[in-house]
Amino acid sequence: MHKKAQIGFGFFCWILFGILLFNVLTKSLFIRSIDTSGFALTAPVSKVKTTILTELTFMGDPVTVGIITIGLMLLLWRRGRATDSVWYGMLQFIGYCLVILIKYSVTRFRPSFRLINVSGYSFPSGHTFSTVIFTFTILALLLPYCKVKWQKVFLEVYTFWYG
């Protein structure tokens, strides 16, 4: 992706986040319908579903992703890519600090019904943020090694769908 396209995509994502933030702050019908749909996904509660969601929550935990990011940083550093190492580490760290800042500014309480007992505020999601940043990092690192167009498309679709 060219620099202008990257900047445009980043700007577009910030606009979408701003729209979502506005809807959360105003407790819009749109957000209430998203919440209702999310609750419907967890019903009926079962041990298998709870186990799967607990594992997904662990994998997306900012601490888990942070540890993996440190491992990635060390690997990049050893391969002579110190700039990339610092860049990706700082992106994850500064971004997560921004999430915390927004989270404690918005103070959206977690729903009373939940499968896993967690504390803190619910928006924006630190789990989602850290996972998305890590996924885009892996994409940015792997795309230059894809020499055939279908490999790049496959990696982009796979990362978008499963990332």
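**Close-up 1. T64 in helix α4 of the predicted model.** T64 is found in helix α4. The model is predicted. T64 counts as buried because its relative accessibility is 11%, and buried means under 20%. With residues up to four places away in sequence not counted, T64 touches F58 and M59.

**Close-up 2. The largest nonpolar core.** Six residues make up this core: V65, L72, L76, Y88, F134 and L141. Two helices, α4 (62-78) and α6 (126-142), each supply at least two of the core residues. Helix α4 gives the most, with three residues.

**Close-up 3. Contacts of F134.** F134 belongs to the largest nonpolar core. Which residues is F134 in contact with, leaving aside neighbours within four places in sequence? The contacts are V65, I68, T69, L72 and Q92. Of these partners, V65 and L72 are also listed in the largest core.

**Close-up 4. Another core.** Apart from the largest core lies another, of five residues. Among them are V24, I31, I102 and V106.

**Close-up 5. Cysteines C13 and C97.** A disulfide is a covalent bond between the sulfur atoms of two cysteines. How many disulfides does a search of the whole structure find? The search finds zero. C13 counts as partly exposed because its relative accessibility is 32%. C97 is also partly exposed, with a relative accessible area of 38%. Both values fall in between the cut-offs of 20% for buried and 50% for exposed.

Methods:
Residues numbered from 1 in each chain as written. Predicted model: local features only at pLDDT ≥ 70, side-chain atom pairs only at ≥ 80, totals over all residues. Heavy atoms only, no water. Core = buried A, V, L, I, M, F, W, Y, C linked by side-chain atoms within 4.5 Å. Buried < 20%, exposed > 50% of the residue type's maximum accessible area, 1.4 Å probe, protein only. Helix = DSSP H or I, 4+ residues; strand = E, 2+ residues; numbered from the N terminus. Contact = heavy atoms within 4.5 Å. Disulfide = S-S within 2.5 Å.
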